[in-house]
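Look at the model below together with its sequence. The report after it goes through some parts of the fold, one at a time.

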Amino acid sequence: MRLRLLLLLLLALCAAAPTGARAAARSLSLRGRWRIRSGNGSLELPGEVPGCVHIALLQRNLIQDPYYRFNDLNYRWISLDNWTYSKEFKIPFDISKWQKVNLVFEGVDTVAKVLLNNVSIGQTNNMFKRYSFDITGVVKAVNSIELRFQSPVLYAAQQSRAHTCYQVPPNCPPSVQKGECHVNFIRKEQCSFSWDWGPAFPTQGIWKDVRIEAYNICHLNYFTFSPIYDKGAQEWNLEIESSFDVVSSKPISGQVIVEIPKLQTQQTYSIELQPEKRIVELFVKINKNITVETWWPHGHGNQTGYNMTILFKLDKGLKFKKSAKVYFRTVELIEEPIEGSPGLSFYFKINGFPIFLKGSNWIPADSFQDRVTSDLLWLLLRSVVDANMNTLRVWGGGVYERDEFYELCDELGIMVWQDFMFACALYPTDWGFMNSVRTEVAYQVRRLKSHPSIITWSGNNENEAALMMNWYHIDSRHLNTYIKDYVKLYVKNIRKVVLAGDKTRPFITSSPTNGAESIAKGWLSPNPYDTNFGDIHFYDYISDCWDWNIFPKARFASEYGYQSWPSFSTLEKVSTKEDWSYQSRFSLHRQHHENGNNEMLLQAGLHFKLPQSADPLRAFKDAIYLTQVMQAQCVKTETEFYRRSRSEIVDGKGRTMGALYWQLNDIWQAPSWASLEYGGKWKMLHYFARRFFAPLLPVGFENQSVFFIYGVSDLRSDCNVTLTVRVHSWSSLEPLCSRVTKPFVMKAGEAVLLYQERVPELLRRCGNCTRQSCVVSFYLSTDSKLLSPANYHFLSSLKEAVGLHKAHVTAIISQQEDTFVFDLETSAVAPFVWLDVGSVPGRFSDNGFLMTEKTRTVLFHPWKPTSKSALEQSFRVTSLTDIY
């Protein structure tokens with residue numbers, strides 16, 4: 001798999017290379033060693049490209065790990081300085097023999113003047129654009145190149161000051177974020193100026209590839225394509241777009257041969273390229289006699305792709321060959337009336353099939369993109385499908401991810417809701433800003449649209465809500481100015497550019513939005529959180545999260561969540577002994593959400609006893625554990641509510657068809673809403689997600705003292721199952737009673753009521769049970785084979801549990817090939833059993849579970865080679881009573 005991905009990457013990089021006897025182009029990579037110097041020249045050092053100043057300083061041991069303790073503040077000077085990147089290089093071919101020479105940057109972060117041989121050749125001010133500079137008249141055999149960067153913080157402030165006609169809020173982030181101001185005035189990763197889960201590290205550097213391209217006659221600039229399904233003819237077609245720079249003074253003629261061998265498709269076209277930049281559009285009909293296997297999301301089918309080659313055979317022996325993987329799938333966003341409910345539906349059909357979107361929200365995996373390795377991307381995305389998710393929303397305050405990210409999503413079957421990079425702010429709409437944005441959007445759509453994983457474009461994160469719910473206290477007399485700016489940016493520009501470049505997937509202006517209703521209201525709804533339309537974001541840290549009545553019965557929940565602390569082994573790497581308490585300066589500094597640490601304990605205290613250890617380190621570790629228990633249980637309750645609401649309308653509400661919790665991953669080691677810690681370690685929430693996103697799941701809840709169990713199915717076919725309901729006493733490892741239903745048919749793609757019983761009846765039926773002394777578990781099976789995870793329902797808060805003994809849980813570890821087996825044994829019923837192997841990378845097959853039987857076997861899947869002795873040495877087990 002890894003080798004195949006690398007080969008695909010190499011193919012993509014080399015695809016525009018010419019073939020045949022006559023060389024049509026030469027390329028020289030400028031990756032590797034550059035020189036970096038500070039603004040006043042007092043500091044000079046080597047640095048790698050792609051890369052950034054911070055990591056160059058770290059690699060020369062001139063700074064500590066930027067994430068260590070308070071270094072996000074200590075190293076702010078780096079972001080405030082104006083750095084220069086420079087390099088001397090020789091051209092390994094005779095430059096005089098080439099008609100056109102370009103200097104190409106795939107990504108510059110962010111504001112820089114570019115000089116070649118002391119001649120200014122251009123400037124950059126957008127991290128998300130590709131820049132190409134014509135250097136034909138400047139380049140020599142031996143060259144010097146300089147990029148003179150301006151501090152992004154100073155540039156953003158300068159741009160804000162220059163916008164004198166009216167304010168464009170917010171000026172600065174909340175003080176708890178310890179961030180920088182006016183990030184909305186620079187086309188740069190918005191969270192690099194800080195966020196409520198991340199630090200301020202406004203980076204500078206050449207963050208993607210840079211190269212010299214020399215060519216004669218003509219050059220293939222780019223190649224992109226879109227599969228199109230013709231419903232009427234019931235056949236697949238392929239729209240291919242290629243861009244050429246023709247430097248010849250005369251037209252260039254030739255042929256294009258498109259081949260998809262496995263689909264027995266080969267077509268030849270004649271083309272003629274006129275001088276200057278030319279677009280070639282081809283329409284390829286796929287052989288109707290061959291069955292095209294479609295791409296399906298994870299859990300719904302295969303991710304079949306087909307190898308395609310396109311060969312341009314032009315005059316004078318010029319040949320260009322491109323290779324790509326083509327996937328075929330359709331996507332529709334369905335917004336239509338629902339019987340018994342006001343408003344409209346909001347769900348996605350893939351290949352004509354309605355699919356419930358299960359997943360999370362993706363943020364940048366590091367403040368420093370040069371630290372994000374292929375292995376880390378693979379680990380994080382593999383963890384998505386391992387937790388039974390099928391969707392990620394690439395959030396609009398980060399970056400458009402690298403090609404490899406989307407290639408992995410294609411291969412793993414992860415649907416991507418792709419935001420454009422605008423978040424939680426209003427934005428300027430002057431000519432320069434808009435022109436830059438249009439180029440950015442056109443480039444990103446062209447780069448990404450061939451990926452089947454991307455199922456929708458979204459204009460921004462929460463900006464419709466910010467404007468219409470008046471987050472920034474705008475005087476009502478001036479509101480119309482900002483409404484006009486909003487429509488100008490997201491509708492008249494971004495939407496227009498997107499639809500011109502890609503007609504194969506829907507475009508949503510914002511998230512949350514009322515979708516078609518927002519459009520009908522002039523693109524902005526008075527209440528973007530209306531549960532009868534579109535998607536919603538929902539956060540409530542004060543109300544009791546065990547009470548499902550607090551959650552909105554919406555059409556689609558694209559953000560919701562609760563915070564927790566990462567594990568001690570993750571925090572330990574960036575802290576010191578004096579930091580290891582819940583109230584330490586470090587703990588307060590790391591928390592970027594106002595009152596977040598107190599909110600976690602407040603929520604936990606509703607149902608659990610808070611840690612009481614006199615040992616500060618023990619108390620800190622116990623608090624970390626309890627915040628993870630709280631987070632996992634809260635998100636479980638909310639997600640199960642959304643999943644069981646997919647098929648029903650209650651009091652006019654329901655038909656929920658998506659649950660994407662906030663957030664998947666962490667950008668650094670800190671408290672956040674993430675289920676994966678910085679580096680990829682699974683929190684308890686991620687293990688819970690593996691269960692609550694299972695394809696087949698029984699969901700239990702109470703309403704007015706009646707206990708209900710719904711069956712939820714994401715399966716593609718009906719299945720025959722039985723439901724087993726057990727009642728356990730906290731004081732015994734033997735179930736008090738058990739009830740098994742008759743076999744029934746669980747309908748595919750539905751959530752239906754399977755079981756109901758009054759709680760007093762259930763308790764009476766099981767002997768001496770009370771709400772405080774018993775717990776209910778339940779699962780779906782067929783022929784004694786488990787088909788769903790075992791789920792549970794607490795009849796009271798665990799701080800009121802009666803008969804819960806201190807559990808002594810032991811493990812015997814053995815090895816079976818690359819996997820390790822943990823045979824567990826407990827002396828008593830143990831809630832939230834947490835197996836931890838410290839910093840040994842890997843994940844368990846299950847964790848954070850309720851142990852109601854004496855023995856249980858759990859597997860450990862290491863991500864790097866390890867040993868039984870290393871696991872034994874680092875292994876710790878905690879269950880709820882251990883913290884009392």
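What follows describes confidence, sheets, strands, helices and one loop residue.

This is a predicted model, in which local features need pLDDT of at least 70 and side-chain atom pairs count only at pLDDT 80 or more, while totals for chains, interfaces and linings use all residues. Residues are numbered from 1 along each chain as its sequence is written, and side-chain values use heavy atoms, with hydrogens and water left out.

The pLDDT is the predictor's confidence in each residue, from 0 to 100. Its mean over the chain is 95, and 97% of the residues reach 70 or more. Residues 1-22 have a pLDDT below 50, and this stretch has 36 contacts in the model beyond near neighbours in sequence; a contact means heavy atoms within 4.5 Å. Where pLDDT is low, the predicted coordinates should not be read in detail.

Helices (H or I, at least four residues) and strands (E, at least two) are DSSP runs, numbered from the N terminus. Two strands pair if DSSP finds at least two bridges between them. The table lists four antiparallel strand pairs, with one pair of bridge partners for each.

| Strand pair | Bridges | One pair of partners |
|---|---|---|
| β14 and β15 (residues 235-246) | 12 bridges | Phe223 and Ser242 |
| β6 (residues 100-105) and β13 (residues 210-215) | six bridges | Asn102 and Glu213 |
| β47 and β51 (residues 876-878) | three bridges | Trp834 and Thr878 |
| β47 and β49 (residues 849-851) | two bridges | Val833 and Phe849 |

Two of these pairs belong to open sheets described here. One sheet has three strands in the order β14-β15-β18, with antiparallel pairing. Its edge strands, β14 (218-230) and β18 (276-285), each pair on one side only. Neighbouring strands in this sheet are turned by 15° against each other on average, direction ignored. Angles run from 0 to 180 degrees between N-to-C directions, and axes are lines fitted to C-alpha atoms, for helices over the stretch in contact.

The other sheet has four strands, ordered β2-β13-β6-β9, and its pairing is antiparallel as well. At its edges are β2 (25-29) and β9 (131-134), each pairing on one side only. Here the average turn between neighbouring strands is 20°, direction ignored.

Strand β47 (residues 830-836) is mostly covered, with seven of its seven residues buried. Buried means under 20% relative accessible area, exposed over 50%, and partly exposed in between (1.4 Å probe, protein chains only). Helix α16 (residues 684-692) is also mostly covered: eight of its nine residues are buried. Among them are Met684, His686, Tyr687 and Arg691.

Helix α6 (residues 374-386) packs against helix α7 (residues 403-412) at an angle of about 35°, and their axes are 10 Å apart. On the α6 side the contact includes Leu377, Trp378 and Leu381, and on the α7 side it includes Phe405 and Leu408. The contact residues divide into eight nonpolar, one polar and two charged. In this count Ala, Val, Leu, Ile, Met, Phe, Trp, Tyr, Cys and Pro are nonpolar, Asp, Glu, Lys and Arg are charged, and the others, Gly among them, are polar.

Asn117 is found in the loop between β7 (112-116) and β8 (119-124). Is Asn117 buried or exposed? Asn117 counts as buried because its relative accessibility is 14%. Leaving aside neighbours within four places in sequence, its contacts include Val138, Lys140 and Asn143. Gly41 is 76 residues from Asn117 along the chain, and their C-alpha atoms are separated by 19 Å.
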